[in-house]
Structures are given as structure tokens and as C-alpha cells.
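This report concerns a single protein chain. It is intended to be read alongside the sequence and the coordinates.

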Amino acid sequence: MLMRLSPAIMFPAVELHLSVVSENPTSFTITVTSDTGQNEETVEATIQFTYVEHYPDDPPIFEVIGQENVQKSDVADIITLLNEQIQENIGMVMIFTLVTAVQEKLNEIVDQIKFRKEEEKLLKEKEAEEVEKAVFHGTPVTIENFLSWKAKFDAELAEIRRKRQREEEQAGKVKLTGKQLFETDHNLDTSDIQFLEEGNNVEVDESLFQDMDDLELDDDDDDPDYNPDLGSEED
């Protein structure tokens with residue numbers, strides 16, 4: 001006589017979906033779903049079990065034929081878990097025990113997913129903090145990077161000065177200061193001395209004074225009213 005499987009009877013406390021594949025040999029699939037996580041995450045695994053002739057004295061054949069949100073490494077862990085549980089329960093009806101163990105494993109996977117997400121969130125926050133610190137503190141100053149910056153700054157400043165001077169020259173607005181003239185024209189070094197020397201060697205044109213006798217000059221001595229004593233008193 002073939003036994004019909006009833007999920008409500010066989011697995012009263014486990015959330016699953018059972019589907020019969022064949023009745024001879026008895027084969028069925030069970031989809032096990034984990035409890036819901038904080039962010040509504042769930043994972044599932046679908047396992048096909050097939051009874052052998054001398055079950056439960058001989059272990060059933062099983063295969064994981066489907067999964068959702070389960071990684072390959074998790075599937076390998078589920079297979080290892082089922083093999084361990086089968087060996088511990090040889091001689092006893094064990095499907096309920098196996099399915100319960102799988103659901104507990106899926107719940108652990110949900111917790112691991114939650115932990116990984118929290119870890120990723122913390123890592124992103126840490127990276128954001130490091131970026132903010134780098135922007136706030138800037139690059140640490142060393143002798144090497146300061147000298148490099150100084151050389152670049154001096155070169156840029158010199159180029160700006162040359163450009164500005166060229167623009168002024170083209171516009172005809174170059175006006176050198178007295179210091180700049182003194183530094184560029186070395187003849188100015190002795191200009192004051194030359195001026196003084198040339199002042200002491202002034203040439204006088206004597207011809208300008210040759211006709212002095214022809215000039216009519218007032219002679220106070222020819223004035224009958226002239227009194228030299230009065231002139232002294234006024235002084």
C-alpha cells in the first residue's frame with residue numbers, strides 16, 4: 001500500500017511546500033523557507049527525497065534541486081548537515097528531523113546575511129569618515145612635498161611676472177623706477193661725480209665781456225646831490 005504524504009501531519013511546525021514526484025518509489029520535494037529577517041529577507045532550499053526499499057534502516061536518497069538567496073557554499077553546508085543528520089538517525093523515521101535541521105540552517109544564513117549587510121554599512125561609513133578626514137586635514141607636509149610645491153609656485157609666479165611685463169611692454173606702459181634704472185644703467189653710478197667735475201670746468205666766453213666799456217652805467221660819484229655819509233647811515 002502506498003502512503004500518501006500530508007505536510008500538515010508530517011511537518012506541523014515547519015513552513016514548507018511539499019510536492020509528490022512519484023509513488024513508486026516514494027519520492028517528493030520539500031521547499032523549506034527560513035524565518036523572515038528584519039528587512040524581510042528570506043532564503044529557501046528545495047530538496048528532493050526518495051525512499052529506498054529498506055527505509056528507515058537504510059538512508060533516503062536526497063538532492064538539493066533548488067535554492068533562493070543561497071550561495072553555493074551554503075548549499076554545500078546544507079548537504080553536509082543532511083548527511084550528518086542521516087547518520088545520527090539511521091533506523092528511525094527522519095524526514096521531519098532533516099527538514100527541521102535545514103530550516104534552522106536557513107535561519108542561520110539569514111542572520112549571516114544581516115550581519116554582512118551591517119558590516120558593509122559600517123565599512124562604507126568608515127570609508128566616508130576617512131575621506132572626510134583626508135579632505136579636512138589635507139596632505140601631511142614633508143620637506144620633499146614642500147620643496148616640490150615651492151619650486152612649482154616660484155615657476156608659476158615667474159611666468160606670471162614675465163607675462164605681465166610683456167603685456168606692459170606691448171602697451172608702452174613700461175616705466176622703470178629710479179632703482180630699476182640705476183640697476184640696469186651702470187653709467188648712472190658715476191653720473192653725480194661727472195656732473196660735479198663738469199661744473200668745475202665751465203668754459204666762459206670772454207667775448208661776451210669785451211664791450212663792457214660801451215655800456216652806459218650810472219656813476220653815483222657824478223651826482224652833485226650824492227652824499228656817501230647818508231648812504232652809510234641808511235645801511
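The following paragraphs treat the overall fold, the backbone geometry and the salt bridges of the chain.

**Overall architecture**

The model is predicted. Its protein chain contains 7 helices and 4 strands. Read from the N terminus, the order of elements is α-β-β-β-β-α-α-α-α-α-α. The four strands thus follow one another in the sequence, with one helix before them and six helices after them.

Of the 235 residues in the protein chain, 22% are buried. Among contacts with a separation of 6 or more, 46% are made by residues 24 or more positions apart. The chain exposes about 18,900 Å², and carbon and sulfur atoms supply 51% of that area.

**Backbone geometry in the loops**

Two cis peptide bonds are described here, each with a proline as the second residue. One joins Asn-24 and Pro-25, with omega about -5°. Pro-25 lies in the loop between strand S1 (16–23) and strand S2 (26–33). Another cis bond joins Tyr-55 and Pro-56, with omega about 15°. Pro-56 belongs to the loop between strand S3 (44–50) and strand S4 (61–68).

A further backbone feature occurs after S4, at Asn-69, which is located in the loop between S4 and helix H2 (72–88). Phi of Asn-69 is near 60°, a positive value in a residue other than glycine.

**Salt bridges**

The count of salt bridges comes to 5. Three of the pairs are set out below with their N to O distances.

| Pair | N to O distance |
|---|---|
| Lys-105 and Asp-77 | 4.0 Å |
| Lys-150 and Asp-154 | 2.8 Å |
| Arg-166 and Glu-159 | 3.7 Å |

Which parts of the chain does the salt bridge between Lys-105 and Asp-77 link? Lys-105 is in helix H3 (residues 95–137) and Asp-77 is in helix H2, so this pair, with its partners 28 residues apart, links distant parts of the chain. Is Lys-105 buried or exposed? With a relative accessible area of 15%, Lys-105 falls under the 20% limit and therefore counts as buried. Asp-77, at 37% relative accessibility, is partly exposed. The bridge thus pairs a buried lysine with a partly exposed aspartate. Lys-105 and Asp-77 also belong to a network of salt bridges, in which they are linked with Glu-108.

The pair Lys-150 and Asp-154 is placed within a single helix. Why can these two side chains meet, given their positions in the sequence? Lys-150 and Asp-154 are 4 residues apart in helix H4 (residues 143–171), which means that about one helical turn separates them. Their closest approach in the salt bridge is 2.8 Å, N to O. Lys-150 is partly exposed at a relative accessible area of 34%, and Asp-154 is likewise partly exposed at 33%.

The remaining pair in the table consists of Glu-159 and Arg-166, whose closest N and O atoms are 3.7 Å apart. Glu-159 has a relative accessibility of 38% and counts as partly exposed. Arg-166, with a relative accessible area of 40%, is also partly exposed.

**Summary**

The predicted chain combines 7 helices with 4 strands. Its loops hold cis peptide bonds at Asn-24 and Pro-25 and at Tyr-55 and Pro-56. Its salt bridges include a pair between helices H2 and H3 and a pair within helix H4.

Notes:
Residues numbered from 1 in each chain as written. Predicted model: local features only at pLDDT ≥ 70, side-chain atom pairs only at ≥ 80, totals over all residues. Heavy atoms only, no water. Buried < 20%, exposed > 50% of the residue type's maximum accessible area, 1.4 Å probe, protein only. Contact = heavy atoms within 4.5 Å. Areas by Shrake-Rupley, 256 points an atom, 1.4 Å probe, with all protein chains shown as cover. Salt bridge = Lys/Arg side-chain N within 4 Å of Asp/Glu carboxyl O.
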